[in-house]
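Open the structure in your viewer and keep the selection tool at hand. The stops below go one after another.

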There are 2 protein chains.
Amino acid sequence: MTVLVVGSVALDSIETPFGKAENVIGGSATFFAASASLLTRVQMVGIVGSDFPVDKLERLSARGVDLAGLEHAEGESFRWRGRYRHDLNSAETLETRLGVFSHFLPKIPEQFRDTPFVFLGNIDPRLQLEVLRQVRKPKLVACDTMNFWIESRRGDLLALLKEVDMVTLNDGEARQLTEETNLVKAARWIMAHGPKHVIIKKGEHGAFMFNAKSIFFAPAYPLESVFDPTGAGDSFAGGFFGYLAQTGDLSEGNMRRAVVCGCAMGSFAVERFSVDRFFEITKEDLNARIDEFRKLVAFEKEVMP
Amino acid sequence: MTVLVVGSVALDSIETPFGKAENVIGGSATFFAASASLLTRVQMVGIVGSDFPVDKLERLSARGVDLAGLEHAEGESFRWRGRYRHDLNSAETLETRLGVFSHFLPKIPEQFRDTPFVFLGNIDPRLQLEVLRQVRKPKLVACDTMNFWIESRRGDLLALLKEVDMVTLNDGEARQLTEETNLVKAARWIMAHGPKHVIIKKGEHGAFMFNAKSIFFAPAYPLESVFDPTGAGDSFAGGFFGYLAQTGDLSEGNMRRAVVCGCAMGSFAVERFSVDRFFEITKEDLNARIDEFRKLVAFEKEVMP
């Protein structure tokens, strides 16, 4: 099955202790699509300016990402400049220029409106709601968000929560949204406000998936060197949704496998700048890393005397 | 088999958002012994002052903790006063009074010197080395340490590393000791300096166990309410060592089960003040929580098409 993603398409300039990259492609929709397209067909909706090096998206379309929903507008593309210090844990934003993204009004092409899997990347919750008015009965809708919208668009975000099946957000955002320090309580708060499923991403500490009946946890892969953490969360979401869309199975067991697939894709993302790593790996590499996750957490039962 | 622990025996006064406790028993040896004694026999070596309410240790001896190595000295017991804020992540130390602990010179009773499992709790590495001079060919020796010794006794600590089979320390300490931000690299650095096994504890984010060939990860149990985090790390070590000593099996598979048992005991520790929780639970409760850990990380294999 196919997955539709709506989100930002950006040009990133990044400095890490290991190198620099100037104007490489980034943004939530880009990372999501690069990751998910290893597994299934992807439809991408976003906006770029007249300065965007469109040829850089060819790798995506070559892998089955349908760019019919990518709007080309007059003006500058969304640009983000950031720096990671030695610990790589948090990005320091040096500059954000929204450009054409500040006027973005998602228009879902007619041929995308029946797509069964919909991921609403981190954009204004009013626009996420607008996307939901344009699509028809998807099988699974998830949204991401960020501190800025939690603060400035709380009402719209709460309205959105009523309309989605799943939320993905990081631990800090979950705490900010719910005003609960404890993540189990935070997840219950979110589920009480609409979504049946909550994924709380903890970066290098892994990810939790909650539903009414169970909690699943998958660690982040213990990489010996992390090169650039940008896009790990959206790559996680792409791996998760790509796996679900590929299998079309929303059982608990399959959603757990999807989380692990998401963690594996997140671990690949951070091994190179931009989405580069996704074009070096094969499904075999992905399966091998998923096997590594299994070995990482495996322990056999032995009832104690 | 039996496990010997050498460490602090303290009186803790603690404030958390959920309550206060004054002069409750604590210290690394106490938490370790309370935890491990649910699984196996424990010998405890430490020091208390003339003010110590010795009757509070009766619960330990009733559960098979041999207190023959507990020295009773003239003067004040080790006292720690601390506070946890809303997020419960880090203790704020309000007061530390070493008392008789500042003159502690561990004397291992003759009948403890052949004990196969030895845990050197967080004390001066020179004293940890002194303990190793007194014991005879243990099957497994592990040590813990802390930022203070890493800074002030680096040479002694490095000498100790050459003599132990395993180190347990938290992520911050591992980074400080090795000057490596990445935990996989930090673990390799430590293994290159002696120990075959390294456990890096990440508090609410779980624990890694490294050896030359593999990495194992166990999450912390996602408790809905954490009452008092004091002693979680030593309770983890007690559960880990207690499990190994009970089974006498140092295979990789059994050490993984021991880590999960340690995580389970850590999760019990934080549900009450002091060591209280360990006297409410049974082996059945422990097995039930270990089963919960299994469910938390379980995902079934399905080779992708």
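Select B:Phe119 and then B:Ala142 in β9(B), its bridge partner. The model is predicted, so local features need pLDDT of at least 70 and side-chain atom pairs pLDDT 80 or more, while totals for chains, interfaces and linings use all residues. Residues are numbered from 1 along each chain as its sequence is written, and chains are lettered from A and ligands numbered from 1 in the order in which they are written.

Next, show strands β8 (residues 117-120) and β9 (residues 140-144) of chain B, which run parallel and are joined by 4 bridges. Strands (E, at least two residues) and helices (H or I, at least four) are DSSP runs, numbered from the N terminus; two strands pair if DSSP finds at least two bridges between them.

Widen the selection to the open sheet of chain B: 9 strands in the order β5-β4-β1-β8-β9-β10-β11-β12-β13, with mixed pairing. At its edges are β5 (65-72) and β13 (215-218) of chain B, each paired on one side only.

Now go to chain A and select β9 (residues 140-144). Is this strand buried or exposed? Of its 5 residues, 5 are buried, so β9(A) is largely enclosed by the rest of the structure. Buried means that 20 or more other C-beta atoms, placed from the backbone, lie within 10 Å of the residue's own; exposed means 12 or fewer, and partly exposed lies in between. A:Leu140, A:Ala142 and A:Asp144 are on one side of β9(A), A:Val141 and A:Cys143 on the other.

Finally, add β10 (residues 166-170) of chain A, which runs parallel to β9(A) and is joined to it by 3 bridges. There, A:Val167 is the bridge partner of A:Cys143.
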